[in-house]
Amino acid sequence: MLNEVEKRLSFNEQVIKIVEGKTALLVPKASIESNIPPKIPAFYNPQAKLNRDLSIFIYRAIAKKLSRHVRMADSLAGVGARGVRVAVEAPEINEVFMNDLNPIAIDYAKASAKINGVYDKCSFFVMDACHFLIKHSSSKDRFDIVDVDPFGSPVPYLDCVIRAVKDKGLISITATDTAVLCGIYPEVSARKYFGYSLNTEYCHEIGIRLLLGALAYSAMRLDIGILPLFSHSTKHYIRVYATIALGARNANKTRDSLGYILHCFNCFNRKVSSFIEKNCDECSATLRFAGPLWIKGIHDKDFLSYLINNIELTKECKKMIINSLNESDMPPTYYIPDKIADKLQLKVPRSIDIIGAIKDKGYRAIRSSINAKGIKTDAPSSIIIEIIKELNKSM
Ligand SMILES: C[S@@+](CC[C@H](N)C(=O)[O-])C[C@H]1O[C@@H](n2cnc3c(N)ncnc32)[C@H](O)[C@@H]1O
Ligand SMILES: [Zn+2]
């Protein structure tokens with residue numbers, strides 16, 4: 001059977017072999033040649049390499065920490081880019097399960113597993129992802145790590161994935177419906193993610209928090225808590241990693257991690273609260289809100305330190321992890337100086353000067369890992385405004 005698959009793919013001029021990380025992958029030629037990778041005959045996105053690199057490092061760290069027989073499931077595997085790479089590049093992981101509704105994608109995954117010599121470490125399924133996950137929901141069949149990487153929103157899979165992961169196991173999730181999560185369609189966000197999105201300058205962080213919130217709601221109903229380990233975002237997608245912890249006490253703790261972000265579009269003031277408040281403390285203007293969403297940390301300091309100290313990371317991934325570690329105990333949201341300067345009709349000072357001035361006033365400040373122009377700080381917006389005005393005097 002595998003020989004047939006191999007033959008079919010190896011004599012097909014539409015198939016090419018590439019190398020990603022330390023793994024050889026057979027992929028449709030069109031996915032390398034066109035700007036937008038086609039879904040037919042099977043999906044492979046070369047631009048998601050960084051996303052996959054990060055996941056491999058994080059899975060390795062979790063597997064090392066779990067120090068047990070570890071089973072990873074790539075529930076929407078495409079051509080198996082992530083799953084096959086895990087089988088090759090994560091020696092801490094003992095078994096890899098790859099599933100996709102598209103049988104051609106799974107043929108690619110099988111052939112790639114074979115050429116890398118990891119076929120025996122892998123199992124393959126052609127099913128709807130929820131069906132696949134529920135099939136593995138009884139306690140003896142659950143996975144230690146499950147990835148959910150659909151086209152668009154992952155919400156149809158959240159209930160199923162929670163049931164298919166063991167206690168202390170990890171779930172990684174990608175969402176590409178960023179227009180919904182970043183405040184273009186707040187009502188759709190409320191319907192799908194249980195919380196309203198809001199189109200602020202830090203909307204990508206709101207998106208991360210809404211996705212974690214939706215995962216929390218799915219988990220809590222089942223007396224399960226979640227603990228976010230790491231989150232990141234680009235223009236095209238949002239990605240979160242969270243472990244789950246069984247038990248009502250953990251679920252209660254998760255419940256306490258949900259609330260609202262309140263934002264004043266008049267004076268840039270923002271606030272985290274367990275309830276919706278009407279007026280801005282600073283200027284009395286009407287506050288807008290995002291949520292309910294995850295209001296606690298989106299990176300786990302201990303885990304990220306463990307990751308850096310125990311797994312050899314690529315330069316790019318290490319930089320991202322260190323940035324996230326450094327901001328892990330900063331309050332939610334960040335400021336974009338351009339936005340403030342624009343509203344005040346002033347010039348935009350250099351971020352480095354703003355960060356220096358914030359620190360001089362006794363507050364903490366750091367560049368945001370989510371937005372290169374963003375500044376995370378515990379200083380109130382009135383201080384940032386004051387600093388931008390002050391710096392403009394010498395510009
Ligand atoms: C974004 S791609 C996955 C990419 C892959 N994880 C990677 O890193 O290369 C989404 C995949 O989901 C598959 N798919 C779509 N609906 C599905 C469903 N209901 N169940 C299982 N797979 C599905 C598609 O065939 C496609 O391969
Ligand atoms: Zn205000």
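## Exercises on a predicted model

Ser67 is found in the loop between α3 and β3 (71-74); helices (H or I, at least four residues) and strands (E, at least two) are DSSP runs, numbered from the N terminus. This is a predicted model: local features need pLDDT of at least 70, side-chain atom pairs count only at pLDDT 80 or more, and totals for chains, interfaces and linings use all residues. Residues are numbered from 1 along each chain as its sequence is written, while chains are lettered from A and ligands numbered from 1 in the order in which they are written.

**Exercise 1.** Describe the backbone and surroundings of Ser67, then those of Lys168.

Solution.
- Step 1: Ser67 is not a glycine, yet its phi is positive, near 35 degrees.
- Step 2: Ser67 has 8 other C-beta atoms within 10 Å, so it is exposed. The classes are buried (20 or more other C-beta atoms within 10 Å of its own), exposed (12 or fewer) and partly exposed (in between), with C-beta atoms placed from the backbone.
- Step 3: Lys168 also has a positive phi, about 70 degrees. Lys168 belongs to strand β7 (residues 165-175).
- Step 4: With 15 other C-beta atoms within 10 Å, Lys168 is partly exposed.
- Background: most residues other than glycine have a negative phi, and most peptide bonds are trans.

**Exercise 2.** Locate the cis peptide bonds that precede Pro41 and Pro292.

Solution.
- Step 1: Ile40 and Pro41 are joined in cis, with omega about 5 degrees. Pro41 sits in the loop between α2 (29-33) and α3 (49-66).
- Step 2: Gly291 and Pro292 are also joined in cis, with omega about 0 degrees. Pro292 is part of strand β12.

**Exercise 3.** Place strand β12 in its setting.

Solution.
- Step 1: Strand β12 covers residues 288-294; six of its seven residues are buried, so the rest of the structure largely encloses it.
- Step 2: β12 and strand β10 (residues 258-263) run antiparallel, joined by five bridges. Strands pair if DSSP finds at least two bridges between them.
- Step 3: Leu293 in β12 has Gly259 opposite.

**Exercise 4.** Check the length of helix α10 against its expected span.

Solution.
- Step 1: The expected span is 1.5 Å times one less than the number of residues.
- Step 2: For the 18 residues of α10 (residues 203-220), that gives 26 Å.
- Step 3: The end C-alpha atoms are 25 Å apart, which agrees.
- Step 4: Of the 18 residues of α10, 17 are buried.
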